[in-house]
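Colleague: I'm new to this, so can I quiz you about the words people use for structures? Show me the one we're discussing.

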Amino acid sequence: MSKRPLSGIRVIEISSGPMAAIGRQLAELGAHVTQIVSPNDTPGLIQAVERIGKTIEARDMASTDGQAHLKTALASTDILILDTTEVALDVNALAADYPDLIILALSPFGLTGCCKDWKLTEPVIHALSGELSRSGIPDREPLVPPDGVAWGCAASQAVYVTLLSYWNRIRNGGGNLIDFSVFEGASLTLDPGYGIAGSAAAGVPAHKQPWGRPEGRQRYPIIPCKDGYVRICVLAKRQWQSMFKFMGSPEQFADPQFEMLHIRFRDPDLIPAIAAFFADKTGDELEVEGEKRGIPIARVYKFEDAIHSVQIEDRNMFVRREILPGVSALTPNGALEINRVRMNATPPEETPRITYPCDLPKSERPFEGLRVLDMGVIVVGAETGRLLADQGAEVLKVENSTFADGMRQNKGDDLVSQTFAAGNRNKKGLGLNLRSQDGIEIFKDLVRQSDIVLSNFKAGTMESLGLSYDVLKQINPRIIVTDSSAFGPSGPWSPRMGYGPLVRASIGMCDLWRHEGEAEGFGDALTVHPDHLASRIGTIGVLSLLIQRAQSGEGGRVSVSQAETALNSFGAKAAQIDLASQGITTIPMGDEKDAPWGVYPTGGDDEWCAVTVQNETEWTALCKTMARDDLLNDPALATREGRLAQSDRIETALTDWLSQFDKAMDAANLLQQNGVPAGGMLRVMNIPEFAAFEDRDLFKMVTHPHIGEDFLQENAPARMSTIPEPKLNPAPLIGEHSRQIMADWLGLKEDKILALESEGVLETWQG
C-alpha cells in the first residue's frame, strides 16, 4: 500500500494559471496528474511551481487532434480539471459521454448567472468578497492583501469539492460535474463574511460591524520592540492576568474590569503602556517570556526571514528543487502530513489505476453513516467538523461548560451567536468531562463506534489526556484522527498557542500585508486567516484517508500546520526570493500585471473600485470605456513596459474618470461589461445583494431556536450535479444531545445516564 492515499487516481488538468495549484495538491497526495499545456507555453515562476510533481504534456487543445487525444485519455481518467477560460469544451456533453468522470469546471464567476462573463483578478476578488473593506488602516485607502492568498484559498476549496465528489463516486457510483466559481471558492475560504468569526469578535458577525472600515488593530495589536515588532493576542482572562504581572502590575490597569476584553479594547492608554514596556526588549526575548508565562506573543518576521525560520527549516516546509531547466529554487514541500509523512510533490509514481470498493450503503449525501467526534475549537475546529456535517456525517461536538469552545462567547442576549451557529451547524452537542477517568472511558467507547476524531489543540494536548493517536488506533484500527495546530506536531514552535494573527506574524504574512513605506502600517487586524483554509486542508486529509481506507480497511492520522497551509500559497514568492539570493532576477512571475493595477477612489464617500489590466486587449477596453483615445494612441503607452513606467499618469486619468460615480459598483459594472476586470469594494452587509452571489444561491436565510432573528449562512461549497445542497440544522447547545447519544451510541439505560450526570461526568442541557 502506497504511503500516499490517492495513489492510483488518474487526473488530467487543463489549467495553466495559479489555479493549477489544484493539481499540485492532488499530486502531493499521490494522484497521477497530467497537466496539458500549450505547445508554445513559456512558464513563469507561478506556473513552474504549480507543475511540481506532475507529468507535463504540450498539446494544442484547440485543434481536432488535441481534442481527440483528450477524449481517448478521458476513458481511463478519474478527474478532469478544466479551466473553461482556456479551452472551450462543452462540459455538459463531456459529463454525458463520461458518466463516471469527476469534472471540475473552473470559471471566474461560475458557468451560470449574470456575472458569468466577468473577468477576475485577486484585487477584484478582495473587493467583491468584502475582504477589502476589512483590510488596512481606517481613513486610508483600503489595502489589497498579498498576492497569492486568494488563489491559494480557492484552489484548496476546489480540491475539497473534487475529493468529496470522488468519495461520492466510491459511495454511490457515477461522476459529478462541479460548476466551480473561483470567486466563490476564494470568498468562502479566505474569510467568509457570513461564516464563523474569530474569538476577538465576541460573537458579533462581520455584517453587524459599522459601515465604515472599523478600527481593529487593538484586537491583535502589533507593537514595536527593541529590534522590530511583535504581535500579542491577549484574549482570555488568564492571559491578561499574566500580562499584567509581566508588566509589573501597574496600578493604572489594576481594576478588575480590565479582565474583560471589551474594556481592554477601549482603553486608549493600554497599548502605549505595553509598547513602553516592550521598548527595551527584543522580539526573541518577548517570545520566550510569553511562552513561559502563557502570553500569546510572536515576532513579526519579514517574509524572506520567515521562510528560513528555525521552525520552517526544522519542518522542511521548503526544499530546493529544479523548477525550470538548470534553475533550482526553494518551493513548497506540501502543506499536509499523513501518518507522519509529509505529502510533498515527488515525481509521479507509476501505479495502476485503482477502483475502490465501499461497504457503506448508498446515500443522499456522501458522508451519511459516518460518525465523527469533534473536539475542535474556535474557527479551524468548527469548520472542519462543519464541512463533514454538511455532507451528512453525524458529528458530535464534544465539550463541557468548564472547557467550552471559546467561540460560544456572545455580547448579545441570544444563547448562541450567529457566528458560532455558522461554524457548528448540523452537529449534535455532547457534554463530556474529559478531566475525569470515567469521561475518558466513555470517549474511548465512542471511538469504537466512530470513523473520525477531530482535534486542533496545541501539540501534546491529546497525549496529555491519554488520547494519543496510538491509543485511539489500538481501540479502533479504522479510526481517522486529525490534529491541527498553529505550527504542526513537531519543531521548536510546536508547543506554542495557535492564533491565526500570531501565525500570520510568524510566517511573514503581516509584513506582506501592510501599507508600503509605513513603519506601523500593518493592515490584517480584522482578517480571520488561515483558519478557514486550514480546515479545508484538514478535511482534504480526512477525505484522502477515507478513500484509502476503502481499499486498505485501515485509518490513519492527518496533521495540519496552520502556518504551512498559509505558506503553501506563496510558493512563487519564496522561489523568487531564493532565486534573487542566487543573483537570478530575470524570470518573470507569470501573473501578467499591467497598469493600472490596484484600488482607486470614486466620487462617493469611502467608495473604492478595484481595476486591473492584464493585457493589450483589456488596456484597449479601458481606454475606450473612459473615452480616452489620447491614451490609447500614445506611443509611450503602447507596451506593457511603457504603461508600467507611466503608471502614475494612467492612474490619475482613471481616478478622474471614476470620480463621476457615486457608487463604485456602477463603475465596476460598466468596466466589466466592456471586458475590464473590476469590482467595487463591498461591505459584508452588502455582499448578499451582489448579483454573482444572489443568482447562484450562495447564501440561505436560516432560523435558530436560540437566536432572536433570522440570519444568513453560506450554502453549498460549489454547484454540483450529483450532490445536493447541505441541510442547515441549528448548531447545538452544550450537552443538548448528551442523553440521546449515550442511549443511541452506547446503549446506556436512563439510570446509568442520570448517574453519570450526578457524578459530573456527563453534562446535559435542560431547556
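Colleague: What is the phi of G294, just after α11?

Modeller: G294 takes a positive phi of about 75°. Bear in mind that this is a predicted model, where local features need pLDDT of at least 70, side-chain atom pairs count only at pLDDT 80 or more, and totals for chains, interfaces and linings use all residues. Residues are numbered from 1 along each chain as its sequence is written, and side-chain values use heavy atoms, with hydrogens and water left out.

Colleague: What makes α11 a helix?

Modeller: Helices are DSSP runs of H or I with at least four residues, strands are runs of E with at least two, and both are numbered from the N terminus. Helix α11 covers residues 283–293, so it fits that definition.

Colleague: Which residues of α11 are called buried?

Modeller: G283, L286, E287, E289 and G290. Buried means under 20% relative accessible area, exposed means over 50%, and partly exposed is in between (1.4 Å probe, protein chains only). Among the elements covering those α11 residues are β7, β8 and α8; contact here means heavy atoms within 4.5 Å.

Colleague: Why are the buried residues of α3 said to be on the same side?

Modeller: In α3 (residues 64–74), the buried ones are G66, L70, A73 and L74. They cover an arc of only 100° around the axis, so they sit on the same side of α3. The arc is that of the directions from the helix axis to the C-beta atoms. T64, D65 and T72, on the other side of α3, are exposed. The buried residues pack against β1, β2, β4 and α4.

Colleague: How do you know that β2 and β3 pair?

Modeller: Two strands pair if DSSP finds at least two bridges between them. Strands β2 (residues 32–37) and β3 (residues 55–58) have 4 bridges, in the parallel sense, so they pass. In one of these, V37 is the bridge partner of A58 in β3.

Colleague: What makes a β-α-β unit right-handed?

Modeller: Point the strands away from you: the crossover is right-handed if the path from the first strand over the helix to the second runs clockwise. The unit made by β2, α2 (residues 45–50) and β3 is right-handed, so its path runs clockwise in that view.

Colleague: And what makes β13 and β26 edge strands?

Modeller: They belong to an open sheet of 9 strands with mixed pairing, and each pairs on one side only. For β26, the antiparallel pairing with β16 (residues 427–432) has 2 bridges, so it meets the cut-off. There, G431 stands opposite E763 in β26.
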